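User: I would like to go through this structure term by term, and to see each label set against its definition.

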Amino acid sequence: MGALSRSTNWFVKTVFISIFRKIYQVDLTDAQRKSPQDYASFEDFFTRELDPSARPICDEVDSIVSPVDGVVAQSGTVQSDTLVQAKGLEYSLNALLGEPASQYEGGDYVVLYLSPKDYHRIHAPLTLNLEKTTEIPGLRFPVNAAAATTVPDLFARNVRLVCHFKNNGVGFVGVFVGALIVSGIKTRFDNLQSPFEQQMSRSFDQLTFEKGEELAQFVLGSTVILVLPAALGRFDSVAPGEAVRLGQKIGTLKTPMETA
């Protein structure tokens, strides 16, 4: 499926795009390229860019914005190393990150699910410094609502990229979870691309992104999980079940990072 999604054969890419658009009712109004014929492959179509004016970024200095278009699957407070996956199902933050995470106890988390029709690029939710990434290989369960209510430890079992950031000297984390079929995660900061063969960490120095700047993209199947320590801020502007768009305010910082 991955090879077919990347095929530039006119017939293959046209069939894939046509069927996908019909099933998921994909709207290209906000896309930079409006016509299906403008895309080189199905993967190119799936990871399509938005028109620069389509998603204004909230300019409130203390705002945390949605890094994606999607739906808030869950949100809450980290308690005893536990996050809620769905009613009756919980999972460990330590397991999700692949390392101890006691610094996030009492902090907020939000889980953002991207449906197949959504824009599939990930942007910075606030001005940040990227300090470390950890590639974690895993399975490729779907990440939709049906899977979240039936597959134990879903997000901590799937392939994922854990990104450790800082804002104003305070650390927070973003987890990009791959899923069904291709499970592709591509970053724009070091040309990293899944699938990952082994767990591996990479460190970065002086790598800063402004709020709203592109970080990575998904190729099929995707969820983004953000976790903040209480010292940094709160996800106080959205609730589970709410649809969000890139750039929309979803939380509030306690001490905003000054930009250059």
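The exchange below takes up the chain as a whole, then its cysteines, two of its sheets and one loop residue.

Analyst: This is a predicted model, in which local features need pLDDT of at least 70 and side-chain atom pairs count only at pLDDT 80 or more, whereas totals for chains, interfaces and linings use all residues. Residues are numbered from 1 along each chain as its sequence is written, and side-chain values use heavy atoms, with hydrogens and water left out.

User: What makes the radius of gyration of the protein chain agree with that of a compact globule?

Analyst: The radius is taken over C-alpha atoms, and the globule rule is 2.2 Å times the number of residues to the power 0.38. For 260 residues a compact globule would have a radius near 18 Å, and because the protein chain has 18 Å, the two agree. The C-alpha atoms fill a box of roughly 55 × 40 × 35 Å along the principal axes. With contact meaning heavy atoms within 4.5 Å, 74% of the contacts with a separation of 6 or more join residues 24 or more positions apart.

User: Why are Cys58 and Cys163 called buried, and how many disulfides are there?

Analyst: Buried means under 20% relative accessible area, exposed over 50%, and partly exposed in between (1.4 Å probe, protein chains only). Cys58 has 16% and is therefore buried, and Cys163, with 1%, is buried as well. Of the 260 residues of the protein chain, 51% count as buried. A disulfide is a pair of cysteine sulfur atoms within 2.5 Å, and by this rule the count is zero.

User: How many helices and strands are there, and by what rule are they assigned?

Analyst: Helices (H or I, at least four residues) and strands (E, at least two) are DSSP runs numbered from the N terminus, and the protein chain has six helices and 16 strands.

User: What makes β6 and β10 edge strands?

Analyst: Two strands pair if DSSP finds at least two bridges between them. The open sheet has the order β6-β12-β10, with antiparallel pairing. Both β6 (121-123) and β10 (184-187) have a single partner strand, so one side of each is left without a neighbour in the sheet. Between β6 and β12 (residues 214-219) there are three bridges, and Ile122 has Ala216 in β12 as its bridge partner.

User: How do you know that β14 and β16 pair, and why is β16 called largely enclosed?

Analyst: β14 and β16 (residues 249-253) are joined by two bridges in the antiparallel sense, and at least two are required. Gly233 stands opposite Leu253, while Arg234 has Thr252 as its bridge partner. On the other pairing, β1 and β16 share three antiparallel bridges, with Ile64 partnered by Gly251. These strands form an open antiparallel sheet in the order β1-β16-β14, in which β1 (63-65) and β14 (233-234) are the edge strands. Four of the five residues of β16 are buried, so β16 is largely enclosed by the rest of the structure.

User: Where does Tyr119 lie, and why is Tyr119 classed as it is, buried or exposed?

Analyst: Tyr119 belongs to the loop between β5 (108-114) and β6, and because its relative accessible area is 6%, Tyr119 is buried. Leaving aside residues up to four places away in sequence, Tyr119 touches Arg48, Glu49, Leu50, Asp69, Leu114 and Leu246. Phe46 is 73 residues from Tyr119 in sequence, yet their C-alpha atoms are 7.8 Å apart.
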